[in-house]
Each structure stands twice: as C-alpha cells, then as structure tokens.
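Me: I would like a close look at a single part of this structure, taken slowly and with the reasoning spelled out. Please choose one helix and follow it into its surroundings.

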Amino acid sequence: MKFDASHLVGLVGAILRAGGSTAAEADLVANHLVVANLFGHDSHGVGMVPTYVTDLHGGALRPGTAVKLDKEDGSILVFDGARGYGRVVAGEMMAQLIERCRGSGLVLASLRNAHHLGRIGAFGEMAAEAGLISLHFVNVHGHHALVAPFGGRDARFSTDPICIAVPRQGERAPVVLDMATSRVAFGKVRVAHNAGRRLAPGLVLDKAGEPSEDPAVMFGDPRGALLPFGEHKGFGLAVMCELLAGALSGGGTMQPETPRDVGVLNNMLTLVVEPGRLIDLDWFHREMEAFLAHAKASPPRDPAHPVLVPGESERLFRETRARDGIEVDDMTWGEMLAAAESVGLTRSDLEAHK
Ligand code: NAD
C-alpha cells in the first residue's frame with residue numbers, strides 16, 4: 001500500500017492523539033516517524049507506531065512529558081526524559097543546547113530515560129540548522145538484547161546508534177552520519193520479515209549462534225542475534241555507546257540487572273560545538289567542500305551507484321518517496337490498524353486518512 005507522506009502524518013497523528021497526546025505533540029512525533037520513512041529508514045518510521053502504542057498501554061511511554069534539567073555544571077547539563085516521547089524530550093534538550101552553545105561554544109549533555117528517540121539524525125540536523133556540529137552516542141535499554149558482541153553467539157546489547165552532523169554553508173544539506181552499530185537496524189529485519197524477504201548474508205545469527213539469512217530467527221523464542229557492523233570495530237563503538245550514553249547518563253546499560261520488559265527506552269550523550277570557535281569558518285567550509293568533492297569524484301565501481309557522502313542517501317530517498325509515496329507493507333498496516341483500535345479508533349476513522 002502506498003501513502004502520501006502528509007496522509008501518513010495525519011493517520012499517525014490521529015493514533016497518537018487517541019493515545020493521549022496533544023495535537024502539537026502528536027503532529028511532531030508523527031512527522032518525525034514519517035520523515036524517517038521519507039529518508040529510507042522504514043525501520044524507524046510509522047512501523048514503530050504499534051510499539052509506541054504497546055508502550056503507552058504499558059506505561060513505558062508517557063505522553064505530555066517535558067524534558068527535565070536535573071543538573072547543570074558550567075557547560076555540562078544532565079537531563080531526564082522521564083519516558084516522554086523521544087522526539088519531544090530530545091528536541092527540547094537540543095533547543096536548550098543550541099541556545100547555550102551560542103554563548104559558550106561547547107556544550108555536553110546527557111539525556112536518560114527517554115522513550116524511543118527514533119532517527120537520531122533528526123537531532124544532528126537541528127544542531128546543523130543552527131550552524132553547529134553535534135555528536136550523539138545512544139544506547140537502547142528496557143527490552144531484550146538484539147546484538148551479539150564480536151565473536152559471541154548470543155545477543156547482549158542493542159543496536160546502539162551514533163550520529164555526527166556537520167553543517168554546510170548556504171542551502172547545502174549537512175553531512176550527517178547516522179547509523180546503528182549493528183550491520184542493520186532491527187527495524188530493517190522487521191520490515192524484511194513482514195515483507196517475506198530473506199536477509200543478505202552476514203547480518204544475523206540464529207538461536208544457536210550460527211549465520212542465517214532468515215529474518216524469522218529474530219522473532220523466535222529463543223531468538224537469534226544481529227551482528228555488529230565492522231566486526232570488532234563496530235562492536236567497540238557499541239561498547240562506547242553503552243558506556244557513554246548508558247552508564248554516564250545514569251540511565252543504565254544493558255546488563256542483567258537492568259529490566260528487560262519495560263519498553264523501548266534510549267539514553268543519549270550529546271556534544272554540541274560551534275565550529276567558528278576553532279577555525280576560520282570560511283576556510284573550514286572551503287576545506288570541507290574540497291574534501292567532499294574529492295571523495296565523491298572517485299570513479300564508481302558501479303556506474304549506477306556514484307560515491308555518496310553521509311546523509312546523501314537519505315536525501316535521494318526523500319526525492320523519490322516525496323514524489324512516489326511511501327510503501328507500507330500489509331503486515332505493518334495490519335499492526336497499525338490493531339494499534340489504532342486499541343486506543344479507541346475505528347477502522348473507518350483510519351481508512352479516512354488513506
Ligand atoms: P544506514 O545503514 O541506512 O545508513 C547509515 C549511514 O550511512 C547514514 O549516515 C547514511 O547517510 C550513510 N549511507 C548510506 N548509504 C550510503 C552509501 N551508499 N554511501 C555512503 N554513505 C551511505 O542506517 P542504519 O544504520 O540502518 O540506521 C537507520 C536509522 O536507525 C538511523 O536513523 C539511526 O539513528 C536509527 N536507529 C535508532 C535507534 C534508536 O534506538 N533510536 C537504534 C538504531 C538505529
């Protein structure tokens with residue numbers, strides 16, 4: 001089924017309002033999810049709505065919750081997301097960091113206990129929009145582990161993402177590296193499973209810890225594990241996400257004493273820097289553009305796939321999907337309908353948005 005982005009925003013917004021959000025909150029979160037679909041990240045798009053609704057029912061997600069500044073020490077800030085919508089609490093935190101960074105040139109903040117933050121690139125883009133560089137380390141907790149350590153057979157932590165965003169001058173889109181530390185985000189396995197597709201080799205292990213291409217291994221009991229990207233190096237970055245986002249924020253790492261049946265919670269460590277405090281901005285931007293052009297000019301091994309820089313594939317997806325619509329597979333659509341019904345909407349309420 002194909003949807004126009006604005007229709008999907010309306011539909012998801014209706015579900016979130018029925019789940020207890022104000023119109024403004026529902027619209028913000030719905031947009032965040034649909035932009036993830038537009039950017040090609042169906043793993044973090046509207047397919048998350050059933051999980052959000054489950055977490056609303058279970059109390060892991062609390063609509064109408066604002067971020068709380070718990071502690072302030074110079075340019076170091078400690079925030080608590082209190083299980084509010086990740087887009088809301090992290091967005092409020094980013095607004096405060098951007099404001100403060102204009103004064104000090106450098107701000108470091110931790111955010112603990114936010115509900116699912118979704119596409120982390122959104123927060124990097126906020127900083128970039130203000131001409132600032134940002135780094136984000138995120139860990140996931142509150143639910144079962146999904147990713148095996150390098151060399152291990154079973155899942156011990158989650159898809160812990162990292163984002164680094166650098167602004168560019170004028171109308172140019174920022175350079176945004178935004179990635180899970182697993183070879184693929186879990187949601188991409190869910191999307192393949194829902195669509196009845198096999199996975200590429202090297203992405204998952206089955207329940208015995210052997211390589212598999214079947215997405216169903218991630219939905220069995222016992223389940224399999226995703227693999228970290230880049231072998232020991234991706235695993236090393238995931239360890240750092242657990243330490244910097246999970247331990248340093250106070251939100252917790254994924255270790256046996258941390259509850260696993262709460263919902264999808266995220267902690268994040270964020271560093272925001274004003275580049276003009278380090279270097280002449282004109283030189284910085286000239287140097288960056290020269291490097292990006294140089295890298296992109298490498299002759300492609302496959303002419304159909306020219307070299308892209310981080311953030312570019314998302315813009316290409318957006319061009320196509322804004323024009324052609326966003327595909328929602330039947331299983332995801334069915335799960336969204338069930339979620340909507342569980343918050344009191346009728347099927348015809350939703351069909352009206354199609
Ligand atoms: P991905 O593998 O599609 O992309 C990762 C990075 O590589 C992006 O910066 C992208 O611009 C770049 N890229 C993609 N194709 C490229 C190419 N051909 N050449 C050069 N660069 C290229 O992303 P992913 O790892 O599957 O992550 C998907 C999303 O999931 C991200 O938005 C991430 O923040 C989100 N995520 C969130 C959580 C959470 O708990 N909130 C957990 C995991 C992932």
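Reply: What follows is a walk along one helix, then a short look at some backbone details elsewhere. The model is predicted, and the helix chosen is α4, which covers residues 86–104.

A first check concerns the length of the helix. With 19 residues at 1.5 Å a residue, α4 should span 27 Å, and because its end C-alpha atoms are 26 Å apart, the expected and actual values agree. Just after α4 comes Gly-105, whose phi is positive, near 85 degrees.

Much of the interest lies in what the helix keeps from solvent. The buried residues of α4 are Gly-86, Arg-87, Val-88, Val-89, Ala-90, Gly-91, Met-93, Met-94, Leu-97, Ile-98 and Cys-101. These buried residues pack against helices α2 (23–38) and α5, and also against strands β3 (76–80), β4 (106–115), β5 and β11 (265–273).

Of these partners, α5 can be described in detail. The axes of α4 and α5 (residues 121–129) come within 10 Å and cross at roughly 25 degrees. Since angles under 35 degrees count as roughly parallel, α4 is therefore roughly parallel to α5. The crossing of the two helices is right-handed. On the α4 side the contact is made by Gly-86, Arg-87, Ala-90, Gly-91, Met-94 and Ile-98, while α5 contributes Phe-123, Met-126 and Ala-127. Sorted by class, this contact of α4 with α5 holds 6 nonpolar, 2 polar and 1 charged residues.

Strand β4, another of the packing partners of α4, contains Asn-113. Phi of Asn-113 is positive, near 60 degrees, in a residue other than glycine. Most residues other than glycine have a negative phi, and most peptide bonds are trans. Against that background, Glu-231 may be set beside it, with a positive phi of about 50 degrees although it is not a glycine; Glu-231 lies in the loop between β10 and α7 (232–249). The peptide bond from Asp-221 to Pro-222 is cis, with omega near 5 degrees, and Pro-222 has its place in the loop between β9 (211–212) and β10 (225–226).

Strand β5, which also packs against buried residues of α4, leads to one last site. Ser-158 lies in the loop between β5 (133–141) and β6 (162–166). Because its relative accessible area is 1%, and buried means under 20%, Ser-158 is buried. Leaving aside residues up to four places away in sequence, Ser-158 touches Val-140, His-143, Leu-146, Val-147, Glu-242 and Met-254.

Key: Residues are numbered from 1 along each chain as its sequence is written. This is a predicted model: local features need pLDDT of at least 70, side-chain atom pairs count only at pLDDT 80 or more; totals for chains, interfaces and linings use all residues. Side-chain values use heavy atoms; hydrogens and water are left out. Axes are lines fitted to C-alpha atoms, for helices over the stretch in contact, and angles run from 0 to 180 degrees between N-to-C directions. Helices (H or I, at least four residues) and strands (E, at least two) are DSSP runs, numbered from the N terminus. Angles under 35 degrees count as roughly parallel, over 145 as roughly antiparallel, 65 to 115 as roughly perpendicular and the rest as oblique. A crossing is left-handed if the near helix is turned anticlockwise from the far one by less than a right angle, and right-handed if clockwise. Contact means heavy atoms within 4.5 Å. Ala, Val, Leu, Ile, Met, Phe, Trp, Tyr, Cys and Pro count as nonpolar, Asp, Glu, Lys and Arg as charged, and the others, Gly among them, as polar. Buried means under 20% relative accessible area, exposed over 50%, partly exposed in between (1.4 Å probe, protein chains only). The expected span of a helix is 1.5 Å times one less than its number of residues.
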